[in-house]
Amino acid sequence: MVDNKKQTGSKRYLMKNDSMKSQYRINEQIRAKEVRIVGDDVEPKVYPIFQALKLAEEKELDLVEISPNAQPPVCRIIDYSKFLYQLKKRQKEQKAKQVKVNVKEIRFGPQTDDHDYNFKLKHAKGFLEDGDKVKAYVFFKGRSILFKEQGEVLLLRFANDLEDYAKVDQLPVLEGKRMTIQLSPKKKESATKKPATPATVKAEKPAGDNEE
């Protein structure tokens, strides 16, 4: 049997991590009659559950079931608190690697004046430079739906004015009272290719290729 004090400590840690509570069984919670143990300092083979628990007790560690659906279930002998810490650390690192892309919305009216248009164009450039997507739309209120062609022209002009900053993901499409276009930021080139100098061209010219 595993030390009651250690088992109580493990249960207390388990309660603090409710999100992982149902994912992993430890020690006496493991129901299988035999388990396969993997990891350091333990011969990787199948053990009867009582023997696996005894090994964990001797090392003053926990028996943690990491693959319950395997036949037999796979376990590791490790400090459960350390196991959860390492798991949460890996999840945090994976989450940090994921690039979060925000979508910024910009609203126009079908008869937006130049001042308002330029103001919103400036904001869109800032969003795209920050790596955000831009979803611009023209909202048609009441009878203004009659100007849908005008709205399409406005959105195409918007995309054209942003061609140095963005690529078009979706051309203008009418959805109910909205006509929408979606843009994604262009990837910045890591380095600008330098033009070849006369010296470089001369060096690259094959030997024996003389001009007549």
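Let me start with R107, which lies in strand 5, residues 103-108, and which, at 45% relative accessibility, counts as partly exposed. I should say at once that this is a predicted model, so please hear every value that follows as computed from that prediction. On the surface, R107 gathers with K141, K177 and R178 in a patch of positive charge.

Before going further into the charges, a word on the chain as a whole. There are seven helices and eight strands in it, and of its 212 residues, buried ones make up 30%. If we take the contacts with a separation of 6 or more, residues 24 or more positions apart account for 57% of them. The exposed area of the chain comes to about 15400 Å², with carbon and sulfur atoms supplying 49% of that area.

Now to the salt bridges. As a general matter, side chains of opposite charge can pair when their charged atoms come close. With a cut-off of 4 Å between a side-chain nitrogen of Lys or Arg and a carboxyl oxygen of Asp or Glu, the count here comes to five salt bridges, and I will go through three pairs in turn.

The pair to begin with is R25 and E65, whose closest N and O atoms are 2.9 Å apart. R25 sits in the loop between helix 2 (18-21) and strand 1 (34-38), while E65 belongs to strand 3 (residues 62-67), so this salt bridge ties together parts of the chain that are 40 residues apart in sequence. As for how these two partners are covered, R25 is partly exposed, with a relative accessible area of 29%, whereas E65, at 3% relative accessibility, counts as buried.

Next comes the salt bridge between D169 and K133, where the closest N and O atoms are 3.9 Å apart. Because D169 lies in strand 7 (residues 166-175) and K133 in strand 6 (residues 133-139), the pair ties together parts that are 36 residues apart in sequence. Both partners count as partly exposed, D169 at 37% relative accessibility and K133 at 27%.

The pair of D161 and R157 has its closest N and O atoms 3.8 Å apart, and here the setting is a helix: the two residues are four apart in helix 6 (residues 148-161), and are therefore separated by about one helical turn. D161 is partly exposed, with a relative accessible area of 31%, and R157 counts as partly exposed at 37%. Salt bridges that share partners join these two residues with D114 into one network.

Let me finish with some backbone details. Which two residues does a cis peptide bond join? They are Q71 and P72, with omega at about -5°, and P72 lies in the loop between strand 3 and strand 4 (74-78).

There is also the matter of positive phi values in residues other than glycine. N27, in the loop between helix 2 and strand 1, has a positive phi of about 50° although it is not a glycine, and E60, in the loop between helix 3 (49-58) and strand 3, has a phi near 55°. Is each of them buried or exposed? N27, at 0% relative accessibility, counts as buried, while E60 is exposed, with a relative accessible area of 61%.

Technical notes. Residues are numbered from 1 along each chain as its sequence is written. This is a predicted model: local features need pLDDT of at least 70, side-chain atom pairs count only at pLDDT 80 or more; totals for chains, interfaces and linings use all residues. Side-chain values use heavy atoms; hydrogens and water are left out. Patches are made of residues with over 30% relative accessible area and no salt bridge: like charges are joined within 9 Å, nonpolar side chains (Val, Leu, Ile, Met, Phe, Trp, Tyr) within 5 Å. Accessible areas come from the Shrake-Rupley method with a 1.4 Å probe; for residues, only the protein chains shown count as cover. Lys and Arg count as positive and Asp and Glu as negative; His and the chain ends are not counted. The place of a charge is taken as NZ of Lys, CZ of Arg, CG of Asp or CD of Glu. Buried means under 20% relative accessible area, exposed over 50%, partly exposed in between (1.4 Å probe, protein chains only). Contact means heavy atoms within 4.5 Å.
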